[in-house]
Structures are given as C-alpha cells and as structure tokens.
Amino acid sequence: MRTEVLVIGGGPAGLMAAIYLARFRRGVVVVDGGASRAALIPRSHNLPGFPNGVPGSELLARMQRQVEELHVPIVRRTVSALETHDGDLVATHERGAVAAQRVILATGIVDKQTPLADWRAAVRDGELRYCPVCDGFETIDHKIAIIGALGHAAGKALFMRVYSSDVTLIPIDDEQDAAKRQELAAAGVRVTPQLHALQRRNGAIEASFVDGSSERFEIVYPAMGADVRSELAIKLGARHTSDGFLEVDAKQHCGVAGLYGIGDVVTDLHQIAVAFGHAAVAACHAHHSLRMRHADPSGQGRPGIDHNRKSLYHM
C-alpha cells in the first residue's frame with residue numbers, strides 16, 4: 001500500500017500528528033505496535049482541560065476514537081524496517097509494507113526497570129513513578145526514594161526536594177563521587193548503601209541494601225535511563241545523541257529527507273504537551289512540503305488515500 005504520510009507510533013505524539021494530517025485532507029496511515037509509554041500513566045495532571053487529571057489509557061482511547069472518526073487507518077503492527085525506495089520511504093511490518101512520501105517517527109522510549117518483579121502493579125497504584133515533572137506535585141510531603149546510578153540519579157533527587165523534605169537516593173553502583181555526595185547532603189538528600197533488592201509490602205516499596213539493612217518508601221522514582229526506539233531512523237542516517245535520541249531541527253526533521261521525529265524519541269522535554277507541539281509542527285511542515293491537492297468536485301473520499309484497500313489496514 002502507498003500513502004502520502006505514514007506515522008509510526010500510536011502514542012499521543014503520533015495520534016496528534018495523524019489528526020492534523022487528516023484534517024489537512026492528506027492521505028495518512030498510522031502503524032502502531034501497541035506499546036505506548038503513555039498507556040502506563042495512572043493519571044496525568046499536566047494536560048489543560050483535565051483539572052482532575054486523566055489516565056493515560058483514557059487519553060489514548062479518546063485520541064484513537066478521534067483518529068478513527070477521521071477515517072485514518074490504524075495498522076496494529078510493529079515496523080521492523082524503514083528503507084528508501086524510488087523516492088519513497090518504505091516501512092515493513094509483519095503483514096506487509098507501507099510506502100509513503102513522508103514519515104513521522106513517534107516511537108518513543110522504554111524505561112529501564114528497577115529489580116521489582118510486579119512493577120506494573122506498583123505503577124498502577126502510584127508507588128512507582130517515572131516523571132517528577134509530571135507528578136511531583138502529587139508526592140508533596142511523602143517519603144520518596146530515587147533509584148539509579150549515583151551520578152545519573154542525583155539530579156532527580158535534588159529536583160524532588162522541591163516537594164518533600166524526606167528524599168533518599170538509593171544507588172545501584174558504588175560510585176564515590178565526593179563532590180556529588182556533598183551536594184546531595186547539603187540539600188538534605190540521604191544516600192543509602194547500594195541496592196540489593198526491592199519488594200512491595202503493605203502499600204509501600206521496601207528496599208534492602210547490600211549491608212543487610214532495609215527501609216520502606218511510600219514512592220519510588222527509578223532513574224535508570226531508557227532505551228530509545230530510534231533504530232529505524234538511525235539506520236537511515238538520522239542525527240542522534242550518544243544515548244540514541246533523535247536530534248531535529250525547528251521543523252522536526254532529523255537529517256533524512258522526508259523523515260521527522262516527534263515525541264519522546266526526540267532529545268527534548270519528555271512531556272505529552274511537548275509531544276503535541278512536535279506533532280503539530282511536523283504535520284504542518286509535511287503537509288506544506290507535499291504537492292497541494294484540490295478538493296474532488298464529486299465529494300468522494302479524501303485525496304491521497306487508497307479507499308479500496310482501507311479494510312486491509314485494520315488487520
């Protein structure tokens with residue numbers, strides 16, 4: 001199949017891009033592997049219009065309905081390869097391929113996990129959290145732990161002192177950076193012995209340490225880093241950081257003709273509101289970079305979509 005713009009990834013960024021493109025009457029297809037990080041958010045409080053917050057799963061469901069009402073096909077598959085061919089970008093998935101003149105990559109990141117077996121349940125119950133910018137306000141005056149390599153986790157621990165006087169950093173390494181430890185101590189952040197194990201216990205998370213001691217925390221923030229789903233773009237020569245985040249210009253280009261990066265896959269503030277902005281910029285530029293089409297006098301269909309094969313796209 002062939003379309004004007006292919007969106008890879010069906011999280012908030014990808015769905016927002018699809019909404020814009022559909023309303024521009026562009027041919028657009030979304031291919032989504034169903035692993036959006038946003039689906040794990042128990043309740044997001046940083047989105048305007050939701051004063052009581054909104055669960056990530058509900059936000060995605062609302063956006064998916066909006067996309068489907070605009071007659072945008074959503075292919076429930078995972079793209080395994082992205083290549084250039086005859087001036088197009090061609091994405092291969094389990095059941096076939098999609099050729100497009102423009103591709104918007106919204107594949108996001110995967111957080112590296114702490115050694116907590118039932119971490120998904122802990123996320124659902126608000127004991128394990130990932131984004132202080134998103135939900136630090138909801139942790140005011142709680143007993144908080146930050147887990148990660150000392151050098152990487154220190155910044156998050158210092159940030160959380162805005163919200164609580166009881167912040168502890170639990171290192172997963174034996175780094176002895178005296179200056180960093182002094183900075184943490186000056187800010188009132190305790191540093192424990194190295195982490196040994198984690199388990200959920202009575203509405204809290206208990207950490208045991210290599211010295212045999214243990215302590216319970218109401219809320220734990222991992223600072224373990226993330227795996228960036230940017231391989232498709234990097235293999236085509238996209239600009240990227242040493243961590244794998246895509247580097248883009250003011251129009252969300254990542255250095256490959258016709259290829260845009262938006263959302264968490266981009267080196268930027270990883271927030272849904274920022275992802276929405278990325279999506280709007282990329283979709284507008286993709287629209288204006290393509291040959292303009294005039295409305296069909298017959299009123300049949302949208303330009304750039306192969307309606308005869310649309311039913312195949314939902315497999």
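So, H1 and helix H2, which is residues 56-69, pack at an angle of about 25 degrees, and their axes are 10 Å apart. This is a predicted model, by the way, so keep that in mind throughout. With angles under 35 degrees counting as roughly parallel, H1 and H2 are therefore roughly parallel to each other. The crossing there is left-handed.

Who's touching whom? From H1 you've got Pro-12, Leu-15, Met-16, Ala-18 and Ile-19, and they meet Leu-59, Leu-60, Met-63, Gln-64, Gln-66 and Val-67 in H2. Sort the residues of that contact and you get nine nonpolar, two polar and no charged.

Now, H1 has another partner. H1 itself is residues 12-23, and its axis comes within 8 Å of the axis of helix H8, residues 272-289, with the two crossing at roughly 35 degrees. Here the crossing is right-handed. On the H1 side, the contact uses Pro-12, Ala-13, Met-16, Ala-17, Tyr-20 and Leu-21. On the H8 side, look for Ile-272, Ala-275, Phe-276, Ala-279, Ala-280, Ala-283 and Cys-284. And what's the make-up of the H1 and H8 contact, in nonpolar, polar and charged residues? It's 13 nonpolar, no polar and no charged.

If you're following the spacing along those helices, remember that an α-helix has 3.6 residues a turn, so residues three or four places apart point the same way.

Okay, over to the sheet. It's an open one, four strands in the order E10-E9-E8-E14, with parallel pairing. On the edges sit strand E10, 189-191, and strand E14, 219-222, each pairing on one side only. On average, neighbouring strands are turned by 25 degrees against each other, if you ignore direction.

Zooming in on one pair: strand E8, residues 144-148, and strand E9, residues 167-171, run parallel to each other over five bridges. If you want a residue to click on, take Ala-145, whose bridge partner in E9 is Thr-168. Then there's helix H5, residues 150-160, packing on this sheet and touching E8, E9, E10 and E14. The direction of H5 makes about 160 degrees with that of E8.

Last stop, helix H6, residues 178-186. At its start, a side-chain oxygen of Asp-177 reaches to within 3.2 Å of the backbone nitrogen of Ala-179. Then, just after H6, Gly-188 takes a positive phi of about 85 degrees.

Definitions and conventions. Residues numbered from 1 in each chain as written. Predicted model: local features only at pLDDT ≥ 70, side-chain atom pairs only at ≥ 80, totals over all residues. Heavy atoms only, no water. Axes fitted to C-alpha atoms, helices over the stretch in contact; angles between N-to-C directions. Left-handed = near helix turned anticlockwise from the far one by under 90°. Contact = heavy atoms within 4.5 Å. Nonpolar A, V, L, I, M, F, W, Y, C, P; charged D, E, K, R; others polar. Polar contact = N/O pair within 3.5 Å; in protein donor to acceptor, adjacent residues only side chain to side chain. Parallel < 35°, antiparallel > 145°, perpendicular 65-115°, else oblique. Pairing = 2+ DSSP bridges.
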